[in-house]
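Colleague: I have a model open and a list of labels that I want justified. Please take me through the reasoning behind them.

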Amino acid sequence: MTETHLVHIPDGLTYRLKEGSGSPIVLLHGLTGDETVMWAFLSALPRDRPVAAPRAPFASAGGGYSWVDGEARALEAFAAASRALAGLIKTLGSGRPILVGFSQGAAMAFAATAMQVVEPVAVVALSGFLPRGNLTGLRGKPVFWAHGLRDDRVPVETARGDARRLGKAGALVEFCESNVGHKVGVECLRGLKAWLADIENAAG
C-alpha cells in the first residue's frame, strides 16, 4: 500500500488518507470491503491529489462493511452514510471532490450526489449499479462507468440500463466495457486515467 495514515472522526467515518494538494478524491469500497481495499486503483488517479478512503458505517452480514443498513437499494437507504460522507469531505477542506466507487460504493456515490448531500466535480462508477429514486441531482455531472462483460454480480445488461437512465437524467456518461468479471479491466483503467486528466484540465 502507498503511504497513508488512518484518521478517526468522532461520531463520523474512519478513513485512510494519502496526503496531497488540491481537491480530494474519495474512494468508496464495495459491500464487505473496508478502507484498505480501494488503493489498487491509485495508479489511475492524478498523482498529487489527496485521496481519502472511508470505511462504510454499517457492519455487513458477510463480513466487512456496508453503506446501507440491510440490503435496500433505494436512494434513501444511503441517506445516513451520505451525511457521514459529507462530514468527512468537510474535514478535508480542499474543495469539491471526485467520488470513485466500486460496486455498492458506486451506488453510494450516485446516491449522495443525487440527494445533493455531496456536491462532487465528477463520479466514477466501477462495476457499480444505480440506486432507485430521483436522479435530478446528477444532471450535468460527468460520470465515468467501467463494467465487465462477464460480471456475475452486477450483470452488464443492468449496468447498461442504469447508464441509460443516468443519461436521461442529464448526466454526462462515458461507459467503458471490458472482457472481465466483477472488476475493472486494464482498458477501462487506461480510459479512466485519460478521462480524469480531461476533468482536471476542464477544471483549469
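Modeller: What follows is a set of short questions and answers on a predicted model.

Colleague: What makes up the fold, in helices and strands?

Modeller: The protein chain has four helices and 10 strands. In sequence order the pattern is β-β-β-β-β-β-α-β-α-β-β-α-β-α.

Colleague: Why is the protein chain called as compact as a globular protein of its length?

Modeller: Set the radius of gyration against the globule rule. The radius of gyration is 15 Å, and the rule gives 17 Å for 204 residues. The two values are close, so the label holds. The C-alpha trace spans about 40 × 40 × 30 Å along its principal axes. Of the 204 residues, 52% count as buried.

Colleague: How do you know that Trp145 is buried or exposed?

Modeller: Its relative accessible area is 0%. Buried means under 20%. Trp145 is therefore buried.

Colleague: And what is Phe175 called, by the relative accessible area?

Modeller: Phe175 has a relative accessible area of 28%. Buried needs under 20% and exposed needs over 50%. Phe175 falls in between, so the term is partly exposed.

Colleague: How many aromatic pairs does the structure hold?

Modeller: Four. Take Phe144 and Trp195 as one of them.

Colleague: Why is the pair of Phe144 and Trp195 called tilted?

Modeller: The ring centres are 5.6 Å apart, and a pair needs centres within 6.5 Å. The planes stand at 50 degrees. Stacked would need under 30 degrees and edge-to-face over 60. Neither applies, so the pair is tilted.

Colleague: What does the pair of Phe144 and Trp195 tie together?

Modeller: Phe144 lies in strand 9, residues 142–148, and Trp195 in helix 4, residues 186–203. The pair therefore ties together parts that are 51 residues apart in sequence. Both Phe144 and Trp195 are buried.

Colleague: What about Trp145 and Phe175?

Modeller: They form an aromatic pair that is tilted, with 6.0 Å centre to centre and 40 degrees between the planes. Trp145 is in strand 9 and Phe175 in strand 10, residues 172–178. They are 30 residues apart, and the pair links distant parts of the chain. Phe110, Trp145 and Phe175 form one aromatic cluster.

Colleague: What makes Arg73 count as a charge over a ring?

Modeller: The charged end of Arg73 sits over the ring of Phe129, 4.0 Å from its centre. The distance limit is 6 Å, with a further limit of 35 degrees from the ring normal.

Colleague: How do you know that helix 2 is mostly covered?

Modeller: Count the residues. Helix 2 runs over residues 104–114, and 11 of its 11 residues are buried. Among them are Gln104, Met108, Phe110 and Thr113. Helix 2 is followed by Gln116, whose phi is positive, near 60 degrees.

Colleague: What does helix 2 give to the largest nonpolar core?

Modeller: Helix 2 gives the most to this core, with eight residues. The core has 41 residues. Those with the most contacts inside it are Trp67, Leu85, Met108, Phe110 and Leu166. Other elements that each supply at least two residues include helix 1 (79–92), strand 8 (122–126) and helix 3 (156–168). Another core, of 25 residues, lies apart from it. Trp39, Leu45, Ala53 and Ala146 are among its residues.

Terms used
Residues are numbered from 1 along each chain as its sequence is written. This is a predicted model: local features need pLDDT of at least 70, side-chain atom pairs count only at pLDDT 80 or more; totals for chains, interfaces and linings use all residues. Side-chain values use heavy atoms; hydrogens and water are left out. Buried means under 20% relative accessible area, exposed over 50%, partly exposed in between (1.4 Å probe, protein chains only). The radius of gyration is taken over C-alpha atoms; the globule rule is 2.2 Å times the number of residues to the power 0.38. A nonpolar core is a set of buried Ala, Val, Leu, Ile, Met, Phe, Trp, Tyr and Cys residues joined through side-chain atoms within 4.5 Å.
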